[in-house]
Amino acid sequence: MGEKNTVLVVGQSKPSKEDAIYNLHGEFYICLIVERDTGRILKADCNTILETTREFVASMFVGKNLLTDMELLEKEIRERYFALTQKPLIACMKDACNRYRVGTGKK
């Protein structure tokens, strides 16, 4: 993970006030370890309350690509992730993608 060809990218968004994450953290975050050159996601984590949720989110992201799989990721989140943080997770994903693109100069 600490190889020079990897970058850490964090996306953030605001969860709804009804979600426990809002009361605990105030923000919803997703943290991705990404191959700098390819955009491939190697590891993913987020600040959800339950470990099972973090593992499920990671399973959707790992192996996907921030340059080519954004529509696929959003579709998968909408079809499989039925939680109050569905929209914030999509917003986090888009924020992380933007940060990756700006940081690496990829378009």
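In which helix is Arg101 found? Arg101 lies in helix H4. The legends below describe close-up views of a predicted model.

**Figure 1. Overall make-up of the predicted chain.** The protein contains 4 helices and 3 strands. Read from the N terminus, the order of elements is β-α-β-β-α-α-α. The chain has 107 residues, of which 44% count as buried. Contacts with a separation of 6 or more were also sorted by distance in sequence. Residues 24 or more positions apart account for 54% of them.

**Figure 2. Helix H4 and what covers it.** H4 spans residues 86-104 and has 19 residues. From first C-alpha to last, H4 reaches 27 Å. That is close to the 27 Å expected at 1.5 Å a residue. Buried positions in H4 include Gln86, Pro88, Leu89, Ile90 and Cys92. Met93, Asp95, Ala96, Cys97 and Tyr100 of H4 are buried as well. The cover over these buried residues includes strand S1 (6-13) and strand S2 (28-35). H2 and H3 are also among the elements that cover them. Just after H4 comes Gly105, with a positive phi of about 75 degrees.

**Figure 3. Arg101 and its contacts.** Arg101 belongs to helix H4. Beyond its neighbours within four places in sequence, Arg101 is in contact with Leu66, Leu67, Lys106 and Lys107. Leu67 is 34 residues away from Arg101 along the chain. The C-alpha atoms of Arg101 and Leu67 are separated by 8.1 Å.

**Figure 4. Packing of H3 against H4.** Two packed helices are described by the angle between their axes and the distance between the axes. For H3 and H4 the angle is about 165 degrees, and the axes are 10 Å apart. Angles over 145 degrees count as roughly antiparallel, so H3 and H4 are roughly antiparallel to each other. The crossing of H3 with H4 is right-handed. H3 contributes Met70, Leu73, Glu74, Ile77 and Arg78 to the contact. H4 contributes Gln86, Leu89, Ile90, Met93, Lys94 and Cys97. Sorted by class, the residues of this contact are 7 nonpolar, 1 polar and 3 charged.

**Figure 5. Packing of H2 against H3.** H2 covers residues 51-61, and H3 covers residues 70-80. The two helices pack at an angle of about 145 degrees. Their axes are 10 Å apart. H2 passes H3 in a right-handed crossing. On the H2 side, the contact involves Phe56, Met60 and Phe61. On the H3 side, the partners are Leu73, Glu76, Ile77 and Arg80. By class, the contact of H2 with H3 has 5 nonpolar, no polar and 2 charged residues. Leu73 meets H2 and also takes part in the contact of H3 with H4. Ile77 likewise meets H2 and takes part in the contact with H4.

**Figure 6. Lys64 in the loop between H2 and H3.** Is Lys64 buried or exposed? Buried means under 20% relative accessible area, and Lys64 is at 14%, so Lys64 counts as buried. Residues up to four places away in sequence are not counted among its contacts here. Lys64 touches Gly39, Arg40 and Ile41. Lys64 also touches Asp69, Leu72, Leu73 and Glu76. Of these partners, Leu73 and Glu76 also meet H2 from H3.

**Figure 7. Val62 in the same loop as Lys64.** Val62 is placed in the loop between H2 and H3. Its relative accessibility is 39%, so Val62 counts as partly exposed. Leaving out residues up to four places away in sequence, Val62 touches Ile41, Leu42, Lys43 and Ala44. Ile41 is also touched by Lys64. Val62 and Ile33 are 29 residues apart along the chain. Their C-alpha atoms are separated by 9.1 Å.

**Figure 8. Arg36 in the loop after S2.** Arg36 sits in the loop between S2 and strand S3 (41-46). With a relative accessible area of 34%, Arg36 is partly exposed. Which residues does Arg36 touch, not counting residues up to four places away in sequence? They are Lys4, Asn5, Thr6, Val7, Tyr100, Thr104 and Lys106. Among these, Tyr100 is one of the buried residues of H4. Lys106 is also in contact with Arg101. The C-alpha atoms of Arg36 and Gly103 are separated by 9.4 Å. Along the chain, Arg36 and Gly103 are 67 residues apart.

Technical notes. Residues numbered from 1 in each chain as written. Predicted model: local features only at pLDDT ≥ 70, side-chain atom pairs only at ≥ 80, totals over all residues. Heavy atoms only, no water. Buried < 20%, exposed > 50% of the residue type's maximum accessible area, 1.4 Å probe, protein only. Contact = heavy atoms within 4.5 Å. Expected span 1.5 Å × (residues − 1). Axes fitted to C-alpha atoms, helices over the stretch in contact; angles between N-to-C directions. Parallel < 35°, antiparallel > 145°, perpendicular 65-115°, else oblique. Left-handed = near helix turned anticlockwise from the far one by under 90°. Nonpolar A, V, L, I, M, F, W, Y, C, P; charged D, E, K, R; others polar.
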